[in-house]
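Here is a short set of exercises to work through with the viewer open. Try each task yourself before you read the solution below it.

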Amino acid sequence: MRLAVLSVRGADYHPNRRLAEAAGMLGHDLTLLHPFHTWSALASGAAGLLSAEALPKMDVVLPRVGSTVSDYSLALIRQMELMGYPLVNRAAAIELARHQYLTLQALAGAGLPVPDSVLVNRAEGWESAVERLGGYPLVVKLVSGRQGRGVALLTGSEEAERARTLLMHQRRGLLLQRYYPPESRRDLRVLVIGGRALAAMTLKPAAGEFRGNVHLGGAVSNLAPEGEPAELAVKATAALGLEVAGVDILQTDEGPRLLELNYSPGFKGLEQASGRDIAAELVQFVVSQFE
């Protein structure tokens, strides 16, 4: 089978390299397709693609542009759907997952636990949001951040003023959330593929860091993909209509809180922690859906 991975990253990027290795091992062809070198076109009502290079033959497309996927890339993914290409994941689910507050809305609508959150788009709403969330410290996020980027801890009004200035500039809204300190929580990542929790790990933030991200120095350890975290992750993935997702969960004194879902999750830390060949299992799942 011929797989195309839609990605702005090159062949040396860990997930792309591992997926290519796994596809070759399993007897499939894998091609990287750069979204900014591929253009959508409509002619006489028919959808098509143009490219700076010859377009590869594709049996299935795996979009992996990340949660910062632009409107342009999302339109390209929709174009591929219109042309009849099978995709894992599909555009509607990606559109929810790329926006952190839309994700929280979908999860809350499904009756799943999320952190107390407020989305503000004007400075006038800031103080009401802070009061609603119980005061500082608070976490502030860009709605399209990923891997801990665009996330900051606000401990008081001076830092909040800088965040409000950012709000006035970017006008896309800022997400304010209740803060759970690292010493009173556990950070979990659960990988869901095809409605099944495949692997999981705990992440311990590095010293002096409140974000539990691998690339920020967080330490990982294996976690059995079972019990309440696994059940929540599967339900959360279904609530967004995703087939593949990395689900971030905070285990707090008040119970679990679903934090966000990544539709194109990295899996370096999960492979290290679990010892599983996640790249191969992802390729096998994609192929199994369309053979």
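Two strands count as paired if DSSP finds at least two bridges between them. Keep that cut-off in hand for the strand exercises, and remember that the model is predicted.

**Exercise 1. Find how many bridges join strand E3 to strand E4, and describe the turn that links them.**

Step 1. Locate the strands: E3 covers residues 38-43 and E4 covers residues 46-51.

Step 2. Count the bridges. Six of them join the two strands, which run antiparallel. With at least two bridges needed for a pair, E3 and E4 qualify as partners. One place to look is Thr38, which faces Ser51 of E4.

Step 3. Look at the link. Two residues separate the strands, making a hairpin. Ser44 sits in this loop between E3 and E4, and its phi is positive, near 55 degrees, although the residue is not glycine.

Step 4. Decide whether Ser44 is buried or exposed. Its relative accessibility is 86%, and the cut-off for exposed is over 50%, so Ser44 counts as exposed.

**Exercise 2. Work out the strand order of the parallel sheet, and say which helices lie across it.**

Step 1. Read off the order: three strands form an open sheet, E2-E1-E5, with parallel pairing.

Step 2. Identify the edges. Strand E2 (29-33) and strand E5 (60-63) each have a single partner strand, so each has one side without a neighbour in the sheet. On average, neighbouring strands here are turned by 25 degrees against each other, direction ignored.

Step 3. Check one pair in detail. E1, residues 2-6, pairs with E2 over five bridges in the parallel sense, and Ala4 stands opposite Thr31 of E2.

Step 4. Add the helices. Helix H1 (residues 14-25) lies across E1, E2 and E5, at about 155 degrees to E2. Helix H9 (residues 278-290) lies across E1 and E5, and its direction makes about 140 degrees with E5.

**Exercise 3. Follow Val287 of helix H9 and settle whether this residue is buried or exposed.**

Step 1. Place the residue: Val287 belongs to helix H9.

Step 2. Compare with the cut-off. Buried means under 20% relative accessible area; Val287 has 3% relative accessibility, so the residue counts as buried.

Step 3. List the neighbours. Leaving out residues up to four places away in sequence, Val287 touches Met1, Leu3 and His28.

Step 4. Try a distance. Ala200 is 87 residues from Val287 along the chain, and their C-alpha atoms are separated by 23 Å.

**Exercise 4. Do the same for the antiparallel sheet of four strands: give its order, its edges and the helix packed on it.**

Step 1. The order in this open sheet is E6-E9-E7-E8.

Step 2. Strand E6 (117-120) and strand E8 (151-154) are at the edges; each has a single partner strand, so one side of each lacks a neighbour in the sheet. From one strand to the next, the twist averages 25 degrees.

Step 3. Between E7 (residues 138-142) and E9 (residues 174-178) there are five bridges, and the two run antiparallel. Within this pair, Val140 has Leu176 of E9 as its bridge partner.

Step 4. Helix H4 (residues 100-109) packs on the sheet and touches E6, E7 and E9, with a direction about 50 degrees from that of E9.

**Exercise 5. Find where cis peptide bonds join Val88 to Asn89 and Tyr136 to Pro137.**

Step 1. For Val88 and Asn89, omega is about 10 degrees. Asn89 falls in the loop between helix H2 (71-82) and helix H3 (91-97).

Step 2. For Tyr136 and Pro137, omega is about 0 degrees. Pro137 falls in the loop between helix H5 (126-132) and E7.

**Exercise 6. Explain why the chain counts as being as compact as a globular protein of its length, and see how confidence varies along it.**

Step 1. Start with the inventory: the chain has nine helices and 14 strands.

Step 2. Compare radii. The radius of gyration is 20 Å, close to the 19 Å from the globule rule for 291 residues, so the chain is as compact as a globular protein of that length.

Step 3. Turn to burial and contacts. Buried residues account for 50% of the 291. Of the contacts with a separation of 6 or more, 67% are between residues 24 or more positions apart.

Step 4. Check the confidence. Mean pLDDT for the chain is 90, and 91% of residues reach 70 or more. Among the elements, helix H6 (residues 157-170) has the lowest mean, 69, while helix H7 (residues 227-240) has the highest, 98.

Notes. Residues numbered from 1 in each chain as written. Predicted model: local features only at pLDDT ≥ 70, side-chain atom pairs only at ≥ 80, totals over all residues. Heavy atoms only, no water. Axes fitted to C-alpha atoms, helices over the stretch in contact; angles between N-to-C directions. Contact = heavy atoms within 4.5 Å. pLDDT = per-residue confidence, 0-100. Rg over C-alpha atoms; globule rule 2.2 N^0.38 Å. Buried < 20%, exposed > 50% of the residue type's maximum accessible area, 1.4 Å probe, protein only.
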